[in-house]
Amino acid sequence: MENLQLLIDFHVNAKRQGPGSDLDTAKALSLMPIACESKLQIADIGCGSGAQTLVLAKELQADITAVDLFPEFLEKLTERAKASGLEGKIKILEASMEELPFENESLDIIWSEGAIYNMGFENGVKNWKKFLKPNGYLAVSEITWLSESRPKEIEDHWNSEYPEICTASTKFSVLERNGFSPVGYFILPESSWIEEYYNPIENRFDKFLNDHQHSEAAKELISIEKEEIRLYKKYKDYLSYGFYIAKKL
Ligand SMILES: C[S@@+](CC[C@H](N)C(=O)[O-])C[C@H]1O[C@@H](n2cnc3c(N)ncnc32)[C@H](O)[C@@H]1O
């Protein structure tokens, strides 16, 4: 089995594919002063199996297009939406976030939790802006340094994983120079990493290894996950996901 397929297999049955929580999604929404006179047009980009899509669908009168590159996640979201009676509000779209088929100025809100890094924060902000109506909102969560300096081990790790990692003030500048006005920001609490994401991951290790006959590739994937968890627990004072809410000017 290819490594990408293994990674999908490891994450597909999880409630979420990255740090976050239903409360974080609701909090980000509460920071967005949206007028609800008509049905909102929303895209949830890099939706995974749709933890945040379901919260948005519950909370809003909206047509939500949930976009992901991998059909396995979208199938899970379809099942979950049906089980919650929310399928009427959610349209599934298998597409790359780099080639979205939306009309210009057609969306009220672009939502993306833990996914914009796949094309890079600034690249995503630049590319997605045209799809928003004037005064539309962008809500994205993104790995963020919490201080100006940090230990070398964590600095080196993230600079090699995602060189665009930086502090919130730098992300605000990126938003501002690309025609957005930041209207809200908060950092995800530790519980959104540990209870919501890493504990469920750790609980899946044994079954995953058994299901894949302890193959070298499966063991390698688990060791990468373990290292990520170790680094987070050791250096959690220095980084988190920041949730950025910004208005298109
Ligand atoms: C870390 S997960 C976050 C998923 C979900 N938003 C959550 O927080 O649970 C990143 C998601 O981005 C999706 N993804 C990766 N590259 C993509 C691309 N080029 N276009 C669309 N989705 C992509 C992955 O399949 C995955 O579902």
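This text walks through the ligand site of a predicted model and then turns to its aromatic pairs.

Start with the ligand. It sits in the largest pocket. The shell around the ligand holds 18 residues. Gln17, Gly46, Asp68, Met97 and Glu113 are the closest of them. By type, the shell splits into seven nonpolar, eight polar and three charged residues.

Now look at the polar contacts. Three of the closest residues, Gln17, Met97 and Glu113, offer backbone atoms to the ligand. At Gln17, a polar backbone atom lies 2.8 Å from an oxygen atom of the ligand. Met97 places a backbone N or O atom 2.8 Å from a ligand nitrogen. For Glu113, the distance from a backbone N or O atom to a nitrogen atom of the ligand is 2.9 Å. How much of the ligand does the protein bury? Taken alone, the ligand exposes 600 Å², and the protein buries 91% of that.

Next, the aromatic rings. The whole structure contains 17 aromatic pairs. One of them joins Tyr117 and Tyr162. Their ring centres are 6.1 Å apart, and the planes meet at 80 degrees, an edge-to-face arrangement. Tyr117 lies in the loop between strand E4 (107-113) and helix H5 (121-128), while Tyr162 lies in the loop between helix H6 (152-161) and helix H7 (168-177), so the pair ties together parts that are 45 residues apart in sequence.

Methods. Residues numbered from 1 in each chain as written. Predicted model: local features only at pLDDT ≥ 70, side-chain atom pairs only at ≥ 80, totals over all residues. Heavy atoms only, no water. Near = heavy atom within 4 Å. Polar contact = N/O pair within 3.5 Å; in protein donor to acceptor, adjacent residues only side chain to side chain. Areas by Shrake-Rupley, 256 points an atom, 1.4 Å probe, with all protein chains shown as cover. 1 Å grid on protein atoms, 1.4 Å probe; cavity = no way out; pocket = protein on both sides within 12 Å on 5 of 7 lines; lining within 4 Å. Sits in = over half its atoms within 2 Å of the grid points. Nonpolar A, V, L, I, M, F, W, Y, C, P; charged D, E, K, R; others polar. Phe/Tyr/Trp six-rings, centres within 6.5 Å; stacked < 30°, edge-to-face > 60°. Helix = DSSP H or I, 4+ residues; strand = E, 2+ residues; numbered from the N terminus.
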